[in-house]
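Student: I've got a structure open and I'd like to talk it through. Can we start with what's packed inside and then work outwards?

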Amino acid sequence: MDSQISTTASSSSSISPTSISKDEYDVFLSFSWEDIGTSFADRLYAALVRKGLRPFREAIGKPESKEAIASESLMAIQKSKVFIVIFSENYARSRYNLDQLVKIVEEYRRAFLTRPASFKEDVRATSWSSISFRWTQEVIVPVYYHVCQSDVREQKGSYGEAFYNHKAKQEKEKIEKWGKALTEAGCLSGYALGQKQ
């Protein structure tokens, strides 16, 4: 799904999430700070908040250790319903991002197994301000930010280079988990921003 995405929220939107008491967040944002920076992330976060959603993202400059931040993020994934994963040039270079993605796919797969046969994901949008989700089930929304979807799915291009470098330092089992998560997420329809040809 190759759509123009706007991070400008609309106050007239009639879409609102279902309140689910056991969930602390409606949306979990997974992305590379190196590629996305604070500008795009801030606009997206603000747009979601203006829609009345409860998004989670990490804060730069937090005093906690990397281990503490990673633990907080993994817990937030378990408490979220919608996962917006922004695949960018350097996303796969981060072991931390890949660990997040594995957890996201695990939550998505777990929920998928409990869905009724008639269930269809209700993810239809032409802009962030008109996103429509079915809030009773976990949903992954991929955004391909200046990368090809096939590079993510098949670990080619910058994703292939990242995996080549990881293989020298990581156990085979972890590499396989990362690859499987990228392949599963990369098979999902999403949105393209400045997609390479």
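Student: Which residues have the most contacts inside the largest nonpolar core?
Tutor: One caveat up front: this is a predicted model, where local features need pLDDT of at least 70, side-chain atom pairs count only at pLDDT 80 or more, and totals for chains, interfaces and linings use all residues. Residues are numbered from 1 along each chain as its sequence is written, and side-chain values use heavy atoms, with hydrogens and water left out. A nonpolar core here is a set of buried Ala, Val, Leu, Ile, Met, Phe, Trp, Tyr and Cys residues joined through side-chain atoms within 4.5 Å, where buried means under 20% relative accessible area, exposed over 50% and partly exposed in between, with a 1.4 Å probe and protein chains only. The largest core has 29 residues, and the ones with the most contacts inside it are Phe 87, Leu 101, Ile 140, Tyr 159 and Leu 182.

Student: Which element gives the most to this core?
Tutor: Elements are DSSP runs numbered from the N terminus: helices are H or I with at least four residues, strands are E with at least two. Those giving two or more residues include strand 3, strand 4 (139–145) and helix 5 (157–167). With six residues, the top contributor is helix 3.

Student: In what order do the five strands sit in the sheet?
Tutor: Two strands pair if DSSP finds at least two bridges between them. The sheet is open and its pairing is parallel. Strand 2 (55–56) and strand 5 (191–193) are the edges, each pairing on one side only. That fits the order 2-1-3-4-5.

Student: And what is the bridge partner of Val 27 in strand 3?
Tutor: Strand 1 (residues 27–30) and strand 3 (residues 82–87) pair in the parallel sense over four bridges. For Val 27, the partner is Val 82.

Student: Is Asp 26 buried or exposed?
Tutor: Asp 26 forms a salt bridge with Arg 54, with the closest N and O atoms 2.9 Å apart; the rule asks for a side-chain nitrogen of Lys or Arg within 4 Å of a carboxyl oxygen of Asp or Glu. Arg 54 is partly exposed at 32% relative accessible area. Asp 26 has a relative accessible area of 4%, so it counts as buried.

Student: How many residues apart in sequence are Arg 93 and Glu 161?
Tutor: These two form a salt bridge, with closest N and O atoms 3.4 Å apart. Arg 93 lies in the loop between strand 3 and helix 3, while Glu 161 is in helix 5, so the pair ties together parts whose separation in sequence is 68 residues.
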